[in-house]
Amino acid sequence: MPNVNDELHHSGWNACSSCFGDTTKKRNRLILPSLISSRIYVIDTGTNLRAPRIHKVVEPIDLYWKCNLANPHTSHCLGNGEIMISTMGDPSGNGKGGFVLLDGETFEVKGNWEKGSKVPPFGYDFWYQPRHNVLMSTEWGTPKCFAYGFDPADLEKGERTAPCCLASERPLPGVPQASGIFRETKQADQGEPGWKHLPWSRRWS
């Protein structure tokens, strides 16, 4: 990559089994989200299999202004041809779970998948099951804390800086009845110093 401090994470494809049956789709672009820089690289793997090259770079400013999100992590292609990428923070480095949608042909940022004013306080990995119209996601921590190394003082401040998994149910993207509205369903005390609460279970509908 031409830039430093990107930290590429969880690569994905522009097309996958979600587009099964659509003969116009080709798996020829590798999607590489950059956790620290908030860039998204689109790599052309189809023109020359032995010499992949950069097809497009989505700059951080596009995520900031169009989605108010940053720190992209996991990329998955959707059945409707779009690409969805989970994020872990906002442009200021605070924790914020969200999902960026890219156009599957131009790779332009289309906006947020999630709807409504409530969003998860953290984000991380995700996967979905088309047959059951459900999406599962997990959460991690605050980008401004984990991006530059672990600091025990962050725990004293109540910041979440280590992996903390949960299951979230969200209707499948690209399906008409999926509105992507976040609901809080549970919160419980954990009791450990610096860790005030267990992560909420979350449901999208």
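This text walks through the fold, the aromatic pairs, one histidine, the salt bridges and a surface patch.

The model is predicted. The chain has 205 residues, and 45% of them count as buried. Its secondary structure comprises 3 helices and 15 strands. Take contacts between residues at least 6 apart in sequence: 52% of them join residues at least 24 apart. The chain exposes about 10,700 Å². Carbon and sulfur atoms supply 51% of that area.

Start with the aromatic rings. The count comes to 5 aromatic pairs. One of them joins Phe 99 and Trp 113, edge-to-face, with 5.6 Å centre to centre and 90° between the planes. Phe 99 lies in strand 7 (residues 95–102), while Trp 113 sits in the loop between strand 8 (109–112) and strand 9 (126–129), so the pair ties together parts that are 14 residues apart in sequence. Both rings belong to buried residues. Phe 99 has a relative accessible area of 4%, and Trp 113 has 8%. Phe 99 also pairs with Phe 126, again edge-to-face, at 5.2 Å centre to centre and 85° between the planes. Here strand 7 holds Phe 99 and strand 9 holds Phe 126, so the pair ties together parts that are 27 residues apart in sequence. Phe 126 counts as buried because its relative accessibility is 4%, below the 20% limit. Phe 99, Trp 113 and Phe 126 form one aromatic cluster.

Phe 126 leads on to His 76. The backbone oxygen of Phe 126 lies 2.9 Å from a polar atom of the His 76 side chain. His 76 belongs to strand 5 (residues 70–77). Is His 76 buried or exposed? At 17% relative accessibility, His 76 counts as buried. Leaving out residues up to four places away in sequence, His 76 touches Glu 82, Ile 83, Met 84, Phe 126, Trp 127 and Tyr 128. Ser 11 is 65 residues from His 76 in sequence, yet their C-alpha atoms are 8.4 Å apart.

Glu 82, one of the residues that His 76 touches, takes us to the salt bridges. The structure holds 7 of them. Glu 82 and Lys 110 meet through their side chains at 2.6 Å, N to O. This salt bridge links distant parts of the chain: Glu 82 is in the loop between strand 5 and strand 6 (83–89), and Lys 110 is in strand 8, 28 residues apart. Glu 82 counts as buried, at 14% relative accessibility. Salt bridges that share partners join Asp 6, Arg 39 and Glu 59 into one network. Within this network, the closest N and O atoms of Arg 39 and Asp 6 are 3.0 Å apart. Arg 39 occupies the loop between strand 2 (29–33) and strand 3 (40–44), and Asp 6 the segment before strand 1, 33 residues apart. Both Arg 39 and Asp 6 are buried.

Another salt bridge pairs Lys 25 with Glu 105, at 3.5 Å, N to O. Lys 25 lies in the loop between strand 1 and strand 2 and Glu 105 in the loop between strand 7 and strand 8, so the pair ties together parts that are 80 residues apart in sequence. Lys 25 is partly exposed at 28% relative accessibility. Glu 105 is exposed, with a relative accessible area of 56%.

Finish on the surface. Met 1, Leu 8 and Ile 54 form a nonpolar patch there, with about 260 Å² of accessible area together. Leu 8 lies in the segment before strand 1 (12–13). Leu 8 is partly exposed, at 38% relative accessible area.

Definitions and conventions
Residues are numbered from 1 along each chain as its sequence is written. This is a predicted model: local features need pLDDT of at least 70, side-chain atom pairs count only at pLDDT 80 or more; totals for chains, interfaces and linings use all residues. Side-chain values use heavy atoms; hydrogens and water are left out. Patches are made of residues with over 30% relative accessible area and no salt bridge: like charges are joined within 9 Å, nonpolar side chains (Val, Leu, Ile, Met, Phe, Trp, Tyr) within 5 Å. Accessible areas come from the Shrake-Rupley method with a 1.4 Å probe; for residues, only the protein chains shown count as cover. A salt bridge is a side-chain nitrogen of Lys or Arg within 4 Å of a carboxyl oxygen of Asp or Glu. Helices (H or I, at least four residues) and strands (E, at least two) are DSSP runs, numbered from the N terminus. Buried means under 20% relative accessible area, exposed over 50%, partly exposed in between (1.4 Å probe, protein chains only). Contact means heavy atoms within 4.5 Å. A polar contact is a pair of N or O atoms within 3.5 Å; within protein, one must be able to donate a hydrogen and the other to accept it, and residues adjacent in sequence count only if both atoms are side-chain atoms. Rings of Phe, Tyr and Trp (its six-membered ring) pair if their centres lie within 6.5 Å; planes under 30 degrees apart count as stacked, over 60 as edge-to-face and the rest as tilted.
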